[in-house]
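Subject: Structure for your review

Dear colleague,

Please find below the structure that I am handing over to you. I would be grateful if you could keep it open while you read the notes that come after it.

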Amino acid sequence: MSQSTINFAMAPGHQVMASAGKKILRPGGKAATGQLFHWAQFQPGETVLELAASFGNSAIALAKQYGVRVVGIEKNPESVARARANIQAAGLEEQV
């Protein structure tokens with residue numbers, strides 16, 4: 001989503017942050033997200049549920065790093081479309 005197509009007054013916060021280049025939107029950023037992943041002790045073959053999955057970046061990282069299947073829930077249709085494109089680009093359609 002380019003800056004020219006986003007309505008900053010109406011867009012969800014994660015879309016505004018993504019337009020500024022942010023990929024990890026959790027408090028604490030990449031370090032905190034990595035720590036959460038580590039604490040969860042994911043095992044290959046497990047299924048992980050991600051709520052507010054946004055653009056699918058965390059789901060893709062989980063699938064690649066831990067070999068888990070990820071089911072993402074996202075309310076915003078534009079984010080879902082972008083997540084699907086990102087998942088396809090990563091070649092993880094069968095896993096995420």
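The notes below go from the overall layout to single residues and then to the largest pocket.

Overall layout

Please bear in mind that this is a predicted model. The chain holds 4 helices and 2 strands, and from the N terminus on these elements follow the order α-α-β-α-β-α. Of its 96 residues, 29% count as buried. Contacts between residues at least 6 apart in sequence were also examined, and 52% of them join residues at least 24 apart.

The strands and the helix between them

Strand β1 covers residues 47-51 and pairs with β2 in the parallel sense, over 5 bridges. Within this pairing, Val-48 is placed opposite Val-70 of β2. Helix α3, residues 57-66, joins with β1 and β2 to form a right-handed β-α-β unit.

Which residues of α3 are buried? They are Ser-58, Ala-59, Ile-60, Leu-62, Ala-63 and Tyr-66. The cover over these buried residues includes both strands, β1 and β2, together with the helices α2 (29-40) and α4. Just after α3 comes Gly-67, which has a positive phi of about 70°.

A buried serine in the last helix

Ser-79 belongs to helix α4. Is this residue buried or exposed? Buried means under 20% relative accessible area; Ser-79 has a relative accessibility of 0%, and therefore counts as buried. Ser-79 and Phe-55 are 24 residues apart along the chain, yet their C-alpha atoms are separated by 5.4 Å.

The largest pocket

How much space lies in the largest pocket? The value is about 260 Å³. The pocket is lined by 15 residues, and those closest to its centre are Gly-72, Val-80, Ala-83, Arg-84 and Ile-87. Two elements, β2 (69-73) and α4 (77-89), each give two or more residues to this lining. By type, the lining residues divide into 9 nonpolar, 3 polar and 3 charged.

When you go through the model, I suggest that you begin with the β-α-β unit made by β1, α3 and β2. You may then turn to α4, which helps to cover the buried residues of α3 and also contributes to the lining of the largest pocket.

With kind regards

Terms used
Residues numbered from 1 in each chain as written. Predicted model: local features only at pLDDT ≥ 70, side-chain atom pairs only at ≥ 80, totals over all residues. Heavy atoms only, no water. 1 Å grid on protein atoms, 1.4 Å probe; cavity = no way out; pocket = protein on both sides within 12 Å on 5 of 7 lines; lining within 4 Å. Points joined across faces, edges and corners; volume = space filled by probe spheres on them. Nonpolar A, V, L, I, M, F, W, Y, C, P; charged D, E, K, R; others polar. Pairing = 2+ DSSP bridges. Right-handed = clockwise from strand over helix to strand, strands pointing away. Buried < 20%, exposed > 50% of the residue type's maximum accessible area, 1.4 Å probe, protein only. Contact = heavy atoms within 4.5 Å.
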